Amino acid sequence: MHPTLNIAIKAARRAGQIINRASLDVGQLTVNVKQQNDFVTEVDKAAEAVIIETLREAYPKHAILAEETGRSGAEDAEFQWIIDPLDGTTNFIHGFPQYAVSIAQTHKGVLTHAVVYDPTRNELFTASKGAGAFLNDKRIRVSKRNRLDEALIGTGFPYRVFDHIDAYLAIFKEMTRRAAGVRRPGAAALDLAYVASGRLDGFWEFGLSPWDMAAGALLITEAGGLVSDLAGEPNYLTTGNIICGTPKVFAQILQVIAPHRKGGLAA
Ligand code: IPD
Ligand code: CA
Ligand code: CA
């Protein structure tokens, strides 16, 4: 295993310990509202702090983009870490056990290492560019499903920005008709890890942030799946809109979404 991935795993496990400890008494949490339907707890912050401390100790010169503390480090750094210390905070606050730690590294803008860690199940999803994707040391691949009518598709509902709610609901309606099933588990990074491991056959969501997607996207491509923005281009980290899946299911999701982009839905 690449030493950089090892450091990222160490950081994710440390954050997972903090999250697991706090999950024993979610009633005690102090919940702050960042904006409408966007919550943060002291656990998000403590998890982020321990991740950054672990990465900084090993790689003091690398830049960091983290959900709770933003950008830090040199602007021109070749390496950047993209961190979501707790993806699925709303689930966590409610004691709904579907949330994860997400850590990715880029080199000159290209995703190189990824960790998505589910502390409730002790499931560790990892990938390094060119070296495949793994769940707890076992190689994972996207599912073999080719047909949308046999596919289980994940998504995320709009919950904060409602500009494209009508387009979203129209797509949702068609997807519900055409797919075998649609799920909204509530932690995008973990949803992407589930596509990589074949538990979901595809996924789409609009309005995500880079820390929701970076690690999960590398897991999927290393597991043989495809990831794009709504135009089928690789700019999802900047547009915030993502489609992914097994190669054939991905193409069908893209096809379902395409006619609904006329109303101004960006790529
Ligand atoms: C959220 C989760 C959710 C997705 C949201 C994200 P957070 O992340 O990934 O599934 O629908 O768009 O913001 O805020 O819990 O880290
Ligand atoms: Ca998130
Ligand atoms: Ca988060």
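**A calcium pair and a helix contact**

Along the chain, the donors of the calcium ion (ligand 2) follow the spacing D-x2-D-x124-D. Donors here are N, O and S atoms within 2.8 Å of the metal (3.2 Å for Na, K and Ca), and with water not among the atoms, sites may look incomplete. The model is a predicted one, with local features needing pLDDT of at least 70, side-chain atom pairs counting only at pLDDT 80 or more, and totals for chains, interfaces and linings using all residues. Residues are numbered from 1 along each chain as its sequence is written, chains are lettered from A and ligands numbered from 1 in the order in which they are written, and side-chain values use heavy atoms, leaving out hydrogens and water.

For ligand 2, the protein donors are Asp84 (OD), Asp87 (OD) and Asp212 (OD), at 2.1 to 2.3 Å. The calcium ion (ligand 3) takes Glu67 (OE), Asp84 (OD) and Leu86 (O), at 2.2 to 2.4 Å. Asp84 thus turns up at both ions, bridging them across 3.8 Å. Asp84 is buried (under 20% relative accessible area, with exposed over 50% and partly exposed in between; 1.4 Å probe, protein chains only), at 1% relative accessibility. Glu67, at 21%, is partly exposed.

Asp212 also appears in a helix contact (heavy atoms within 4.5 Å), as one of the H6 residues meeting H5. Helices H5 (residues 188–196) and H6 (residues 210–222) pack at about 5°, with axes 8 Å apart, so H5 is roughly parallel to H6 (angles under 35 degrees). Helices are DSSP runs (H or I, at least four residues), numbered from the N terminus; axes are lines fitted to C-alpha atoms over the stretch in contact, and angles run from 0 to 180 degrees between N-to-C directions.

Terms used: Helices (H or I, at least four residues) and strands (E, at least two) are DSSP runs, numbered from the N terminus. Angles under 35 degrees count as roughly parallel, over 145 as roughly antiparallel, 65 to 115 as roughly perpendicular and the rest as oblique.
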